[in-house]
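Subject: Handover of a structure

Dear colleague,

Please find below the structure that I am handing over to you. A summary of what was found in it follows.

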Amino acid sequence: MFPYNSKRYGFAFLFCAVIGFPLFFSTIVQAANQASQIETQANIFFKAFTKHQLIETPLNVSFESVVDVQNYYIALLRPTWGLDVGYASHAMRANAQWEFPPTGILLENMFTGTRAIINRSYGVQMHAAAELLFRVGADEINAAGTREDAILALHSVIPGVRLSDHLISRAHPVSLPLNSAMNLEVRFCVLGGEIPLSPEEDWIEKLEKFSLVMYDQNKNEIAVRKEPNAIHPLDAVLTTRDALHQRGIQLQPNDILAIGRLTEEISVEELTRLRVVYKGLSDDDSAFVYMGFQ
């Protein structure tokens, strides 16, 4: 046993108290300030989204706080926008800056069906882009390693349109962390009819080669997708799954995955009708999404 030296240990305790306490207190203050900033930013997004108001001054959201701000923002939305029913991502966009694509939360009231009439004023600088959504069929999606595995764990593919709110004036650059913190700016997902993913069909090829055309009220083509994407939709599903796992989220049956836009974003300001026709997903090429704006 070492002899106890009251002077030596007393001095050590005093040293820790004098030096350590200020550092500990500084850490507490820093954490409190960060929590306050997260709450403030989330409330700004919530107000803009629910009051349909533009955020005039861009906010500085750090990469480290993105998920915390988004989670707080979603918590504010849940009482009126419903529970989580799915997830959105930017997985169809290749970007060397991220290891995993940004993800967002989809709530019950963010969904509507084809032939819906949408009030343009309900959003803030609302834009439309075509995309595919997938419904999870089995827990095995969490361990799927190949496109074939993904097909077996998915229930259906859904032609859709993502309506995004540009809550911040595009006169200011919107950083990736800021876009992510705002839940990828999702306002609505307009869904067409679900198409079951039968293992007997070659869905890997279908999903690679399908095309689409977006028409306005005058039947003008305003966006098209004729060439295969550089990213296969099933790879985007698995990449979205991996990004959600990084957040500690496991996919469950019936979850909806919106994997990212397939066309450029089109402002709905001058649109009264929008129709997107998907070719190659169904045998009779009848897959479509239709909506009106007023």
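Two strands are said to pair if DSSP finds at least two bridges between them. The model is a predicted one, and the pairing of its strands is a convenient place to begin.

Strand β5 (residues 126–136) is joined to β11 by 4 bridges, and the two run antiparallel. Within this pairing, Leu-133 has Ala-258 of β11 as its bridge partner. Strand β11 also pairs with β1 (residues 84–89), here in the parallel sense and through 3 bridges; Tyr-87 is matched with Leu-257 of β11. Strand β11 itself spans residues 256–261 and is mostly covered, with 5 of its 6 residues buried.

A separate pairing involves β9 (residues 211–215) and β10 (residues 221–225), which are antiparallel over 4 bridges. Tyr-215 stands opposite Glu-221 in β10. The hairpin of β9 and β10 has 5 residues between the strands, and Lys-219 takes a positive phi near 65° in this hairpin.

Turning to the interior, which residues touch the most other members of the largest nonpolar core? They are Phe-134, Leu-163 and Tyr-278, in a core of 83 residues. Strand β5 gives the most to this core, contributing 7 residues. In general, nonpolar side chains of soluble globular proteins tend to be buried together.

Leu-163 merits a closer look. Leaving aside neighbours within four places in sequence, Leu-163 is in contact with residues including Ile-118, Met-126, Val-186, Phe-188, Val-268 and Phe-293. Its contacts also include His-127, Glu-185 and Arg-187.

Yours sincerely,
A colleague

Definitions and conventions:
Residues are numbered from 1 along each chain as its sequence is written. This is a predicted model: local features need pLDDT of at least 70, side-chain atom pairs count only at pLDDT 80 or more; totals for chains, interfaces and linings use all residues. Side-chain values use heavy atoms; hydrogens and water are left out. Buried means under 20% relative accessible area, exposed over 50%, partly exposed in between (1.4 Å probe, protein chains only). A nonpolar core is a set of buried Ala, Val, Leu, Ile, Met, Phe, Trp, Tyr and Cys residues joined through side-chain atoms within 4.5 Å. Contact means heavy atoms within 4.5 Å.
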